[in-house]
Each structure stands twice: as C-alpha cells, then as structure tokens.
Amino acid sequence: MLDTKILNTLEYPKIIHRLSQHAATSLGKSAAESLQPVSDLEAVKRILQATDEAYTADRLKGSAPFGGVVDISAPLHRARIGGTLNPAELLDIAATARGGRRVKKHISLLHEDNPIPMLHAIADQISEHKPLEDAIFECIDDQAEVMDSASTELASIRRELRNGESRVREKMDQMIRSSSVQKMLQDSIVTLRNDRYVIPVKQEYRSHFGGIVHDQSGSGATLFIEPEAIVAMNNKLRELKAGELREIEKILQKLTALTSDYVEDLIFNLDLLGQIDFAYAKARLAHGMKATLPRMNDRGFLKLKRGRHPLIAAEQVVPIDVELGNQYTAIIVTGPNTGGKTVSLKTIGLLSLMAMSGLFVPAEDGSQLCVFDAIYADIGDEQSIEQSLSTFSSHLKNIIRILSSMTSKSLVLLDELGAGTDPAEGSALAIAILEHVHAMDSRIVATTHYSELKAYAYNRKGVINASMEFDVATLSPTYRLLVGVPGRSNAFAIAERLGLARSIIDHARGEVSEEDQRVENMIASLEENRLGAETERQTAESLRREMETLRARHEAERQRFEEQKDKLLLKAQEEAREAVAKAKREAEQIIADLRKLAMEEGASVKEHKLIEARRKLDEAAPEQQKSKRGAAKSAAKPAKIEAGDEVTVYSLNQKGTVVEVHGSDATVQLGIMKMKVALDDLELLKSNASAKVQQPKLAASLKRSKDDNFKMELDLRGENLEEAILEVDRFLDEAFLSGLAQVAIIHGKGTGVLRTGIQQYLRRHSHVKSYRLGNYGEGGVGVTVAELK
C-alpha cells in the first residue's frame with residue numbers, strides 16, 4: 001500500500017471521492033472508497049479489463065438495473081443468530097434478491113451479443129432465490145406493512161377489528177349527536193387516547209358523565225373520557241389488536257426462518273453485486289472524464305498522449321505529451337514559476353496511480369503507463385513551524401526518506417529540487433541526488449530553477465531536458481510541456497516588454513558570461529525549430545486524419561456496392577426461378593390438355609412420351625450460367641458432338657439439335673430457326689449419332705434484313721395491332737440473337753391502342769426482361785423501350 005501522505009499530495013483521494021459518487025449502491029460506494037493502487041501487473045490488467053467491459057456495457061445498454069439493491073448484511077446477520085426481522089428489513093432482503101436476479105439477467109443477455117467474460121463470470125455466480133422473493137412480497141407491501149393476505153388468521157382478525165371499530169364509532173357518533181350530551185362536550189368529535197376511543201368532556205360535567213378518564217388537556221378544562229357504554233367494546237378491540245400483533249409476529253418469524261436458509265448465498269451475492277456496481281462506477285467515471293484504456297507494462301515505461309489533469313476543468317486544462325523510460329529515465333523540467341511545472345508533475349503521478357487502480361486515464365488512445373512498486377513525491381511548500389523546519393529542511397527530510405525506500409521499479413517526483421538554500425550548493429546537491437536516483441535506475445521527473453541542471457541533463461546519458469512553454473509576446477505561460485527543450489529565463493525579454501530602459505538591459509546582458517549567452521541563443525534556436533516542426537507535425541496529422549476519413553468513406557461505399565450487387569443478383573435469381581416455375585405450370589397445363597385431347601379423340605399420344613416431355617421440361621430449369629460454364633471447363637475431356645445430338649447453347653441458354661458439324665462450328669436447329677454456333681458454346685445432352693437428322697417442315701433459316709447494321713429500333717407507326725405484333729416478334733428474335741441488351745419500339749402517341757397492345761405482348765414475351773416508356777429525348781410516350789434478357 002502506498003504512503004497516505006503521497007496519495008494526498010497527488011490528490012488521489014479526490015479521484016476516489018468522484019468515483020464513489022458514480023456508484024449506484026452503498027455496496028459499490030464502499031468498494032470505491034476502499035480502492036488502492038496495485039503493484040502487480042497481472043492484477044492491474046484484470047481490474048482494467050473489468051472496467052473496460054463495464055465501459056462497453058454501459059455504452060451499449062446503459063447501467064445495470066441496480067434498483068432495490070441495498071446493503072442487507074446487518075439483517076442477514078440477525079437472521080443468522082435467530083433474531084426476528086421487521087417488515088422493512090425483510091422487504092429490503094426481497095428487493096435485493098430481485099435486484100441481483102435482474103442484474104444477472106441483464107449481463108447475461110448483453111454477453112450473448114457483446115462478450116464481456118469477466119463481468120459475466122461474476123454475475124453468473126449470483127444465486128437466485130425466487131421462492132424467498134415471492135414469499136416476502138406476498139406478505140409485505142411496498143410500504144413495509146404486513147398484508148391481510150399474509151395468513152387467513154390475520155385476515156380474519158383484521159376483518160373483525162374493522163367491524164368492531166365501525167360499531168364503536170357508530171355508537172359514539174350517536175352519543176355526541178344527542179342534545180343532552182352535546183352541552184357537556186368541549187368538541188363534538190371522537191378521538192383516540194391509549195388506543196381507546198374517547199370523547200372530550202368539559203371538566204365541570206365530570207360527575208354527570210360516567211366512564212373512564214384516559215387523559216386531560218394541558219389546561220385541565222377538558223377530560224378525555226371513554227364512555228361506560230363502550231368500555232366493553234374497546235376491550236374487545238384491544239384483544240383483537242393484541243391477536244393481530246401475535247399473528248404478525250408469527251408471520252415475521254416464519255419469513256425470517258426462511259431467510260436464514262439463504263443467508264450465506266445472500267451475503268455472497270452482496271459481494272458480487274458490489275463488484276459489478278464498482279466496475280460500472282469506474283466506467284461512468286471514465287465517460288465523465290472522456291478517459292481511455294491505457295496499455296500497461298512493468299518495464300518502467302510510460303507514454304502519455306495529451307494527458308490531462310482530471311481535476312482541472314476541461315476548458316482550462318492544457319494536455320501534455322511525455323515519454324519516460326525508453327531512451328531516457330530522467331526528465332529535468334526547467335522554467336519560470338506559475339508555468340505549470342508542478343501540475344505536469346502531479347499529472348504524471350496521478351494518472352499513474354489511476355491506472356494502477358484499474359481506472360481509465362484522461363489521455364488519448366495509445367497511452368502507456370507502468371505498474372511501479374511505489375510512487376514517491378516531494379511536491380509543494382512543506383515548511384513546518386511546529387517542528388521549526390525550514391522549507392529546505394522539510395524537502396530534504398522527504399528526499400532522504402525517498403532515497404532510502406525507492407527501488408529500480410519506483411517512480412520519483414521531485415518539485416523544485418535543491419531550492420531554499422544557496423544556489424551554488426543547492427544546484428550541486430540537486431545534481432548529486434539526481435545522479436544517485438539515476439544510478440538506481442529509478443524513473444524520475446524533477447523540476448528546478450538551476451541552470452546548472454540544464455547542462456547536467458544535456459551531458460548525462462539517459463537524462464533529458466524539458467521546459468514549460470512561455471509566450472514572450474503576452475508575458476504569460478502556455479502551460480505546455482516541451483520535452484527535449486531546456487527552459488529559458490526570458491528575464492531580459494520580459495523586462496524589455498515591460499518598459500525597462502534599454503541601457504539597463506544592455507548592461508545586464510554584459511554581466512552575463514559569453515558562454516551563458518550562447519546557451520540562451522542555442523535554446524532560442526531549438527525552440528524556434530521545435531515550433532516549426534510542431535506546425536509541420538500538426539499539418540501532417542491533419543492530412544493523415546483526412547486520408548483515413550476518405551479511406552473509411554471509400555471502404556463504406558465499396559461495401560455498399562458489394563451489398564447492392566449481391567441483392568441484385570439474388571433478385572435476378574429469384575425472378576428466374578419464378579419465370580421457370582411459371583413456364584413449368586403452363587407446360588403442365590398443356591400436357592394435361594394434350595392428355596385430355598388424346599382421351600377424347602382417341603389420339604395416339606403415348607403416356608410414356610408425356611412423362612418424357614415432363615422430364616425434359618424439368619431439365620430445362622435454368623441454373624446460373626457461370627456454374628455451367630465452370631462445370632464444362634472443369635471437364636477433363638469434352639464429348640465429341642455429331643449431327644443429330646441434342647445440345648444446349650450456353651450463350652442463349654436454349655436446347656436444340658445439331659444439324660451438321662463443319663470444323664469448329666455447328667449448325668443447330670433451335671425451334672423454327674437454324675444458327676451457326678461455335679462448338680465451345682455447346683454442351684452435349686444426348687448423343688444420337690446414328691439417327692438421321694430430320695428437318696421439320698416448318699423450319700426456316702434465320703434471315704436478317706441487315707446483318708451488318710441491325711437497327712436498335714422498330715418503327716410501327718401506321719400499322720394495325722396484328723401486323724405490329726408479328727413485326728415485334730420477328731424484331732425481338734433478331735435483336736436477341738444479335739446480343740442486344742435494349743431496343744426501342746416506336747408506336748406513336750395516337751389513341752394508345754397500339755401502345756397498350758404492344759406492351760401487353762412484351763409482358764408475356766420470353767426474351768423481354770422489362771419495358772418502359774421512353775424518357776425525355778427518347779420519344780416520350782410515343783416509344784416503348786424494352787430490356788432483353
């Protein structure tokens with residue numbers, strides 16, 4: 001455990017206070033308040049993983065449902081030793097059991113979609129006690145009152161009690177309404193004293209009014225008397241109330257006994273719920289600080305990217321970039337007072353403590369922090385009047401204690417090292433202390449005013465200068481930490497801007513040694529070069545972010561294109577399947593009609609031929625052309641095609657019969673048309689080499705009016721619908737065989753009869769994929785554009 005004084009110096013308790021405010025239950029708050037930094041790397045990684053999982057869970061689904069969960073350890077202890085719990089305590093136990101069950105379910109459901117193994121492992125251990133919950137909720141209401149339904153005996157007693165109270169009130173109401181009684185009453189009301197119904201009687205009528213006096217007013221002018229006529233009735237009510245209390249006690253004892261059976265499980269649940277609430281509290285603290293998950297190591301290396309002090313307002317804090325433990329193990333920070341040196345020192349120490357405690361740190365992604373065995377700090381003015389110690393002596397006592405305790409795995413933070421004494425001796429002592437810490441291989445960050453330490457850091461391997469940036473133009477610090485650049489005094493520049501005579505400033509410069517002036521000029525040059533490099537780095541970083549944004553946008557567009565392509569492909573395949581199904585239904589109907597015709601007219605249509613026709617129809621179902629080509633290409637040796645063979649033409653996805661083969665081409669009969677097709681474009685379905693090719697009488701060779709210059713449009717203006725349909729059918733066949741994807745049919749505007757008839761025909765045509773009216777520049781409603789398959 002780290003020294004409490006050091007934790008206070010680095011303001012760690014303030015972080016703990018903020019953390020505890022984010023806890024949803026007293027269990028989580030207690031865990032937060034007892035949080036301490038851990039010096040074991042694996043343990044730190046585990047608690048950081050829990051924080052990270054809670055951070056993810058809180059971002060996706062919000063906080064876990066901790067409603068109703070309270071610390072019930074005290075009533076559980078009483079139940080364990082045989083005490084009887086009151087209704088409020090039992091209600092808290094039931095609510096906590098129910099809350100635990102809900103938290104377990106919440107995390108389990110979240111784990112299914114977004115794995116959070118550590119939180120799930122904790123929540124999975126929560127035991128469920130639904131019977132206990134139900135037993136308590138069936139007996140005790142939300143106001144912690146035992147309900148009538150808790151037992152039949154209690155319901156009976158309370159029913160009698162209500163009836164008895166009603167009878168008493170009715171009796172007393174009759175009395176106070178009597179004119180002979182009213183004059184003896186102070187007020188015409190019925191009230192209670194000692195759980196008995198009474199009426200307020202004037203003192204002077206005490207002898208005229210029988211009954212029992214239960215109380216009197218402060219002045220003695222009013223007596224609260226229980227009339228003799230209702231004494232027996234009130235006695236009965238007292239008996240009923242005593243019976244009610246006994247029955248309630250029996251019910252509470254029964255519920256307490258039931259609870260005692262689950263005491264150990266419920267106590268264990270409290271610990272688990274506290275762990276989960278604590279993890280969520282750390283996550284909500286991280287959200288509030290805009291903190292990130294640091295990478296941890298035990299090599300003494302830390303690298304903060306735009307680290308921010310968590311206790312400084314976001315609009316005021318200045319981020320720092322610092323690296324320690326790689327090329328150098330010590331940083332010497334120089335610069336003027338109020339420049340932010342102490343804040344930078346505290347930021348490094350506090351963020352290290354937060355990471356070692358399993359908390360996210362307010363820095364950019366990619367920041368790394370180290371698990372130190374201890375962090376030592378000597379920061380601030382610790383002058384002690386009581387102990388008669390000067391500032392120098394107080395600092396030196398702290399440093400002596402640090403030097404005797406630190407190891408090679410420690411982080412040492414020293415503010416104003418060597419200050420408070422003679423500059424020459426103070427700087428020499430500071431160098432000696434730094435040299436000792438450096439020899440121990442501890443990590444150290446120290447601030448100082450001494451210029452001698454700049455030279456020490458420059459000449460010593462593993463030690464680097466740093467400074468706090470100062471804007472001479474505005475005479476104010478910028479609070480930015482500049483690693484690698486020693487601090488400048490800026491005294492002459494400040495004096496000149498404030499109006500000190502130039503002669504005095506020149507005289508002062510003359511008092512400074514030439515070597516010191518060269519050092520100051522070198523530092524000024526370094527700072528100028530650093531500012532230029534920083535500007536270029538920021539420009540490069542901006543360009544990098546812009547390129548990453550463009551790349552991400554391009555990748556998203558490519559992904560959308562791929563998804564759209566897949567959707568279109570699926571849609572096309574679905575449409576093809578629907579077309580085939582429709583064709584099969586129509587063909588089945590035709591076959592049925594043929595069979596019916598054969599039966600009616602005695603035609604010689606053979607059943608086995610009908611079955612064969614249906615089989616061929618089934619085989620005609622189109623598959624993806626790519627897969628067929630792939631299958632054909634993957635064949636080891638293509639079959640020889642001869643005249644009379646049944647084949648499929650790949651490019652047209654049509655079946656036909658080979659009429660003749662000549663060289664690398666073949667003439668294929670496709671319905672009423674003949675085509676010359678390359679042998680590579682054919683797939684053998686059925687060999688019929690011995691059969692003689694029969695030319696059907698209706699067969700005709702395909703002739704084109706303009707083979708070399710086929711027009712993509714057909715003008716039908718002036719023709720009637722029947723003639724136009726024949727022309728459209730011929731035109732579509734030629735266009736399909738020519739491999740056109742789109743054609744235009746000009747029908748004019750007219751009455752619309754020709755347009756309607758042609759479009760109805762296109763809707764049924766096997767070559768037409770879709771059609772539309774012409775766009776502006778294509779002919780408008782006078783033209784129909786058809787897209788071919």
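Is R78 buried, exposed or partly exposed? Select R78 in this predicted model and the calculation gives a relative accessibility of 31%, so R78 counts as partly exposed, in between the limits of 20% and 50%. The residue belongs to helix α5, which spans residues 73–80. With its neighbours within four places in sequence set aside, R78 is in contact with G83, T84, L85 and E89. Add S260 to the selection as well: 182 residues separate R78 and S260 in sequence, yet their C-alpha atoms are 9.0 Å apart in space.

**The whole chain**

Zoom out before going further, and colour by confidence. The mean pLDDT of the protein is 82, with 85% of its residues at 70 or more. Two stretches deserve caution. Over residues 603–607 the pLDDT stays under 50, and the model has four contacts beyond four places in sequence for them; over residues 624–637 it likewise stays under 50, with 10 such contacts in the model. The secondary structure comprises 23 helices and 23 strands, and of the 789 residues in the protein, 39% are buried. Among contacts with a separation of 6 or more, 66% join residues 24 or more positions apart.

**The N-terminal end**

Select T9 next, in helix α1 (residues 4–9). T9 counts as buried because its relative accessibility is 16%, and a polar atom of its side chain lies 2.8 Å from the backbone oxygen of K5. Beyond its neighbours within four places in sequence, T9 is in contact with K346 and I379.

Step on to E11, in the loop between α1 and α2 (12–21). Most residues other than glycine have a negative phi. E11, however, has a phi near 65°, a positive value, and at 17% relative accessibility E11 is counted as buried.

For another residue with a positive phi, jump to E416, where the angle is about 55° although the residue is not a glycine. E416 sits in the loop between β11 (410–414) and α15 (423–439), and with a relative accessibility of 19% E416 also counts as buried.

**Two helices and what covers them**

Now display helix α7, residues 117–124, and pick out L119, I122 and A123, which are buried. Looking down the axis of α7, one finds these buried residues within an arc of 95°, so they line one face of the helix. To see what they pack against, show α4 (41–61), α6 (87–113) and α12 (263–289).

Continue to helix α9, which covers residues 152–177 and has 26 residues; from its first C-alpha to its last α9 reaches 38 Å, close to the 38 Å expected at 1.5 Å a residue. Its buried residues are L154, A155, I157, R158, L161, G164, V168, M172, M175 and I176. Show the surrounding elements too, since the cover over these buried residues is a mixture of helix and strand: it includes α10 (179–182), β2 (196–202), β4 (222–227) and α11 (231–260).

**Cysteines**

How many disulfides does a search of the whole structure find? The search finds zero. To end the tour, select C139 and then C370: C139 is buried, with a relative accessible area of 11%, and C370 counts as buried at 1% relative accessibility.

Conventions. Residues are numbered from 1 along each chain as its sequence is written. This is a predicted model: local features need pLDDT of at least 70, side-chain atom pairs count only at pLDDT 80 or more; totals for chains, interfaces and linings use all residues. Side-chain values use heavy atoms; hydrogens and water are left out. Helices (H or I, at least four residues) and strands (E, at least two) are DSSP runs, numbered from the N terminus. The expected span of a helix is 1.5 Å times one less than its number of residues. Buried means under 20% relative accessible area, exposed over 50%, partly exposed in between (1.4 Å probe, protein chains only). Contact means heavy atoms within 4.5 Å. A disulfide is a pair of cysteine sulfur atoms within 2.5 Å. The arc is that of the directions from the helix axis to the C-beta atoms. A polar contact is a pair of N or O atoms within 3.5 Å; within protein, one must be able to donate a hydrogen and the other to accept it, and residues adjacent in sequence count only if both atoms are side-chain atoms. pLDDT is the predictor's confidence in each residue, from 0 to 100.
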